[in-house]
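Let's practise reading a protein model together. Take your time with each exercise, and try it yourself before you look at the solution.

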Amino acid sequence: MSYTSQLVFYSKSADKPAPGKGANEYGDHPSFVELGSISGWRKVLSNFHTGQFRHQGRMYNTAEHAFHARKFQSMNAEDSVVALFSLDSGSKLSHGDGLAARKARKVLIMDKDQQAKWAKMRGKALEEILHDKFTQNVLAKRVLMLTGDAKLGHFERMKGVEHWSWLEEVRRRISNQTTLSTEGTVRATAVLPESGGGSSGNEVVTDPRTRDRASGVCDGDVEPVMKRKKVKST
(Lines give C-alpha, C1' and ligand atoms only; values in the text may rest on other atoms or scores of the structure.)
Protein backbone atom coordinates (compact mmCIF):
# COMPACT_ATOMS: atom_id res chain seq x y z
CA MET A 1 0.00 0.00 0.00
CA SER A 2 1.31 3.45 -0.89
CA TYR A 3 0.94 6.33 1.57
CA THR A 4 0.87 10.07 0.99
CA SER A 5 1.45 10.94 4.65
CA GLN A 6 2.97 9.49 7.80
CA LEU A 7 2.56 10.28 11.49
CA VAL A 8 4.90 9.09 14.23
CA PHE A 9 4.18 8.88 17.94
CA TYR A 10 5.47 7.56 21.26
CA SER A 11 4.68 7.97 24.94
CA LYS A 12 6.55 11.27 25.35
CA SER A 13 5.70 12.85 21.99
CA ALA A 14 5.28 16.62 21.84
CA ASP A 15 2.28 18.27 20.18
CA LYS A 16 4.55 20.27 17.90
CA PRO A 17 5.59 20.31 15.13
CA ALA A 18 2.21 20.08 13.42
CA PRO A 19 0.97 16.73 12.07
CA GLY A 20 3.07 15.65 9.12
CA LYS A 21 5.89 18.05 10.06
CA GLY A 22 7.56 16.11 12.88
CA ALA A 23 10.63 13.88 12.74
CA ASN A 24 10.10 10.98 10.28
CA GLU A 25 6.71 12.46 9.29
CA TYR A 26 5.58 13.69 5.91
CA GLY A 27 2.52 14.67 3.90
CA ASP A 28 -0.72 16.39 4.76
CA HIS A 29 -4.45 15.67 5.13
CA PRO A 30 -7.50 17.95 5.53
CA SER A 31 -8.11 16.58 9.05
CA PHE A 32 -4.59 17.38 10.27
CA VAL A 33 -5.56 20.94 11.22
CA GLU A 34 -8.15 19.70 13.72
CA LEU A 35 -5.85 16.88 14.84
CA GLY A 36 -3.09 19.34 15.68
CA SER A 37 -5.47 21.37 17.85
CA ILE A 38 -5.94 18.46 20.29
CA SER A 39 -3.57 18.60 23.25
CA GLY A 40 -1.38 15.51 23.50
CA TRP A 41 -2.71 13.95 20.30
CA ARG A 42 0.46 11.98 19.60
CA LYS A 43 0.54 10.61 23.15
CA VAL A 44 -3.08 9.47 22.83
CA LEU A 45 -2.01 7.07 20.08
CA SER A 46 0.57 5.50 22.39
CA ASN A 47 -0.05 2.44 24.57
CA PHE A 48 0.99 4.55 27.57
CA HIS A 49 -1.98 6.89 27.18
CA THR A 50 -4.20 6.73 30.28
CA GLY A 51 -7.82 6.10 29.39
CA GLN A 52 -9.82 3.28 30.92
CA PHE A 53 -11.40 0.63 28.72
CA ARG A 54 -12.62 -2.95 29.01
CA HIS A 55 -10.81 -5.85 27.37
CA GLN A 56 -11.70 -9.52 27.73
CA GLY A 57 -14.05 -8.70 30.58
CA ARG A 58 -11.54 -6.68 32.62
CA MET A 59 -10.91 -2.95 32.99
CA TYR A 60 -7.48 -1.52 32.18
CA ASN A 61 -5.92 1.87 32.78
CA THR A 62 -3.78 1.77 29.64
CA ALA A 63 -3.29 -0.42 26.60
CA GLU A 64 0.15 -1.25 27.99
CA HIS A 65 -1.47 -2.92 31.01
CA ALA A 66 -3.72 -5.03 28.77
CA PHE A 67 -0.78 -5.87 26.51
CA HIS A 68 1.31 -7.37 29.31
CA ALA A 69 -1.70 -9.16 30.75
CA ARG A 70 -2.11 -10.88 27.36
CA LYS A 71 1.62 -11.60 27.30
CA PHE A 72 1.45 -13.31 30.69
CA GLN A 73 -1.60 -15.26 29.54
CA SER A 74 0.43 -16.65 26.65
CA MET A 75 2.89 -17.98 29.23
CA ASN A 76 0.05 -19.77 31.06
CA ALA A 77 0.72 -17.65 34.13
CA GLU A 78 -1.58 -17.91 37.14
CA ASP A 79 -4.71 -15.84 36.66
CA SER A 80 -4.03 -14.08 39.95
CA VAL A 81 -0.81 -12.74 38.42
CA VAL A 82 -2.44 -11.77 35.12
CA ALA A 83 -5.22 -9.99 37.01
CA LEU A 84 -2.75 -7.66 38.73
CA PHE A 85 -2.67 -5.56 35.55
CA SER A 86 -6.43 -5.06 35.70
CA LEU A 87 -8.19 -2.31 37.62
CA ASP A 88 -10.62 -4.92 38.90
CA SER A 89 -7.83 -6.28 41.11
CA GLY A 90 -7.40 -2.94 42.89
CA SER A 91 -3.63 -3.43 42.79
CA LYS A 92 -1.19 -0.54 42.85
CA LEU A 93 0.17 -1.73 39.50
CA SER A 94 -3.23 -1.55 37.83
CA HIS A 95 -3.64 2.13 38.82
CA GLY A 96 -0.16 3.05 37.63
CA ASP A 97 0.82 4.50 34.28
CA GLY A 98 2.03 2.69 31.19
CA LEU A 99 5.65 2.82 32.33
CA ALA A 100 4.74 0.97 35.52
CA ALA A 101 3.05 -1.72 33.45
CA ARG A 102 6.09 -2.09 31.22
CA LYS A 103 8.43 -2.44 34.18
CA ALA A 104 6.19 -5.19 35.60
CA ARG A 105 6.86 -7.36 32.54
CA LYS A 106 10.04 -8.51 34.27
CA VAL A 107 8.01 -10.28 36.96
CA LEU A 108 8.02 -13.29 34.63
CA ILE A 109 10.82 -13.98 32.17
CA MET A 110 10.03 -15.79 28.93
CA ASP A 111 12.13 -18.71 27.75
CA LYS A 112 12.91 -19.16 24.05
CA ASP A 113 9.84 -21.29 23.34
CA GLN A 114 7.56 -18.77 25.05
CA GLN A 115 9.18 -15.93 23.12
CA ALA A 116 8.56 -17.74 19.83
CA LYS A 117 4.94 -18.41 20.80
CA TRP A 118 4.34 -14.78 21.80
CA ALA A 119 5.94 -13.49 18.61
CA LYS A 120 3.21 -15.27 16.64
CA MET A 121 0.42 -13.98 18.90
CA ARG A 122 1.63 -10.44 19.55
CA GLY A 123 0.17 -8.72 16.49
CA LYS A 124 -3.33 -10.16 16.88
CA ALA A 125 -3.37 -9.51 20.63
CA LEU A 126 -2.28 -5.89 20.13
CA GLU A 127 -4.90 -5.28 17.44
CA GLU A 128 -7.66 -6.63 19.71
CA ILE A 129 -6.49 -4.43 22.58
CA LEU A 130 -6.26 -1.34 20.39
CA HIS A 131 -9.72 -2.00 18.95
CA ASP A 132 -11.21 -2.03 22.45
CA LYS A 133 -9.31 1.11 23.47
CA PHE A 134 -10.13 3.16 20.40
CA THR A 135 -13.79 2.16 20.20
CA GLN A 136 -14.53 2.74 23.89
CA ASN A 137 -12.53 5.90 24.57
CA VAL A 138 -14.12 8.94 22.90
CA LEU A 139 -10.97 11.08 22.79
CA ALA A 140 -8.81 8.22 21.51
CA LYS A 141 -11.32 7.41 18.78
CA ARG A 142 -11.50 11.04 17.66
CA VAL A 143 -7.71 11.34 17.47
CA LEU A 144 -7.33 8.10 15.53
CA MET A 145 -9.96 8.99 12.96
CA LEU A 146 -8.40 12.43 12.43
CA THR A 147 -5.18 10.75 11.31
CA GLY A 148 -7.01 10.19 8.03
CA ASP A 149 -5.28 7.60 5.88
CA ALA A 150 -1.78 8.33 7.17
CA LYS A 151 0.77 5.62 7.75
CA LEU A 152 1.17 5.24 11.52
CA GLY A 153 4.54 4.62 13.08
CA HIS A 154 5.54 4.03 16.70
CA PHE A 155 9.00 5.27 17.69
CA GLU A 156 11.32 3.42 20.05
CA ARG A 157 14.87 4.59 20.71
CA MET A 158 16.45 1.16 20.26
CA LYS A 159 14.32 0.11 17.27
CA GLY A 160 13.51 3.31 15.44
CA VAL A 161 10.09 3.67 13.81
CA GLU A 162 7.92 0.55 13.74
CA HIS A 163 4.99 0.48 11.33
CA TRP A 164 1.81 -0.01 13.38
CA SER A 165 -0.37 -1.68 10.79
CA TRP A 166 -2.49 -3.01 13.67
CA LEU A 167 -3.64 0.50 14.54
CA GLU A 168 -4.35 1.27 10.91
CA GLU A 169 -6.53 -1.85 10.73
CA VAL A 170 -8.46 -0.67 13.78
CA ARG A 171 -8.95 2.71 12.09
CA ARG A 172 -10.23 1.00 8.94
CA ARG A 173 -12.68 -1.14 10.92
CA ILE A 174 -14.03 1.85 12.84
CA SER A 175 -14.42 3.78 9.59
CA ASN A 176 -16.38 0.91 8.04
CA GLN A 177 -18.60 0.58 11.11
CA THR A 178 -19.30 4.33 11.05
CA THR A 179 -20.27 4.15 7.39
CA LEU A 180 -22.66 1.27 8.03
CA SER A 181 -24.16 3.07 11.02
CA THR A 182 -24.75 6.21 8.95
CA GLU A 183 -26.43 4.25 6.20
CA GLY A 184 -28.56 2.46 8.78
CA THR A 185 -30.09 5.72 10.02
CA VAL A 186 -31.97 6.21 6.75
CA ARG A 187 -35.60 5.16 7.20
CA ALA A 188 -37.58 4.31 4.09
CA THR A 189 -41.19 5.38 3.80
CA ALA A 190 -43.57 3.80 1.28
CA VAL A 191 -47.27 4.09 0.51
CA LEU A 192 -49.09 0.89 -0.39
CA PRO A 193 -51.33 1.29 -3.48
CA GLU A 194 -54.91 0.08 -3.62
CA SER A 195 -55.93 -2.34 -6.36
CA GLY A 196 -57.85 0.46 -8.03
CA GLY A 197 -54.95 2.89 -7.82
CA GLY A 198 -54.22 5.67 -5.39
CA SER A 199 -53.39 5.37 -1.72
CA SER A 200 -54.78 2.74 0.59
CA GLY A 201 -54.39 5.06 3.56
CA ASN A 202 -51.73 2.77 5.10
CA GLU A 203 -48.20 4.18 5.34
CA VAL A 204 -45.33 1.77 6.01
CA VAL A 205 -42.56 3.13 8.22
CA THR A 206 -39.46 1.17 9.20
CA ASP A 207 -39.53 0.56 12.93
CA PRO A 208 -36.36 2.03 14.49
CA ARG A 209 -36.68 -0.45 17.36
CA THR A 210 -35.30 -3.15 15.09
CA ARG A 211 -31.95 -1.39 14.99
CA ASP A 212 -29.04 -3.43 16.26
CA ARG A 213 -28.03 -1.21 19.18
CA ALA A 214 -24.59 -2.79 19.49
CA SER A 215 -23.43 -2.14 15.96
CA GLY A 216 -25.74 0.67 14.90
CA VAL A 217 -26.79 -1.27 11.82
CA CYS A 218 -30.40 -1.97 10.94
CA ASP A 219 -31.52 -5.56 10.47
CA GLY A 220 -32.24 -6.54 6.92
CA ASP A 221 -35.51 -8.16 7.99
CA VAL A 222 -37.31 -5.34 9.75
CA GLU A 223 -40.98 -5.56 10.49
CA PRO A 224 -42.99 -2.60 9.22
CA VAL A 225 -45.08 -0.48 11.52
CA MET A 226 -48.40 0.44 10.02
CA LYS A 227 -49.45 4.03 10.51
CA ARG A 228 -53.08 4.63 9.54
CA LYS A 229 -53.92 8.01 8.07
CA LYS A 230 -57.06 9.80 9.12
CA VAL A 231 -59.74 9.79 6.41
CA LYS A 232 -61.95 12.84 6.18
CA SER A 233 -65.64 12.14 5.84
CA THR A 234 -67.28 13.37 2.64
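Below are four exercises with worked solutions about this predicted model.

**Exercise 1. Take stock of the chain.**
How many helices and strands does the chain have, and what percentage of its residues count as buried?

*Solution.*
Step 1: Go through the secondary structure, and you arrive at 8 helices and 10 strands.
Step 2: Turn to burial. The chain has 234 residues, and 40% of them count as buried.
Step 3: Add the surface to your notes. The accessible surface is about 14,000 Å², with 52% of it belonging to carbon and sulfur atoms.
Step 4: Look at the contacts between residues at least 6 apart in sequence. Of these, 60% join residues at least 24 apart.

**Exercise 2. Work out a sheet.**
In what order do the 3 strands of the open sheet lie, and which strands stand at the edges?

*Solution.*
Step 1: Write down the order, which is β1-β4-β5, and note that the pairing is mixed.
Step 2: Count partners. β1 (6–9) and β5 (160–163) each have a single partner strand, so these two are the edges, and one side of each has no neighbour in the sheet.
Step 3: Check the twist. On average, neighbouring strands of this sheet are turned by 35° against each other, direction ignored.

**Exercise 3. Follow the pairings.**
Which pair of strands runs parallel, and which runs antiparallel?

*Solution.*
Step 1: Begin with β1 and β4. They run parallel and are joined by 4 bridges. Here Gln6 stands opposite Lys151 in β4.
Step 2: Move on to β4 (residues 151–156) and β5. They run antiparallel, and 4 bridges join them too.
Step 3: Find partners across this second pair. His154 has Glu162 in β5 as its bridge partner, while Glu156 stands opposite Gly160 in β5.
Step 4: Trace the connection. A hairpin of 3 residues leads from β4 to β5.

**Exercise 4. Get to know Asp149.**
Is Asp149 buried, partly exposed or exposed, and which residues does it touch?

*Solution.*
Step 1: Locate Asp149 in the loop between α7 (138–145) and β4.
Step 2: Read its relative accessible area, which is 40%. Buried means under 20% and exposed means over 50%, so Asp149 is partly exposed.
Step 3: List the contacts, leaving out residues up to four places away in sequence. Asp149 touches Tyr3, Thr4, Ser5, His29 and Arg171.
Step 4: Compare sequence with space. Asp149 and Arg172 are 23 residues apart in sequence, and their C-alpha atoms are 8.8 Å apart.

Note on methods. Residues numbered from 1 in each chain as written. Predicted model: local features only at pLDDT ≥ 70, side-chain atom pairs only at ≥ 80, totals over all residues. Heavy atoms only, no water. Buried < 20%, exposed > 50% of the residue type's maximum accessible area, 1.4 Å probe, protein only. Contact = heavy atoms within 4.5 Å. Areas by Shrake-Rupley, 256 points an atom, 1.4 Å probe, with all protein chains shown as cover. Pairing = 2+ DSSP bridges. Axes fitted to C-alpha atoms, helices over the stretch in contact; angles between N-to-C directions.
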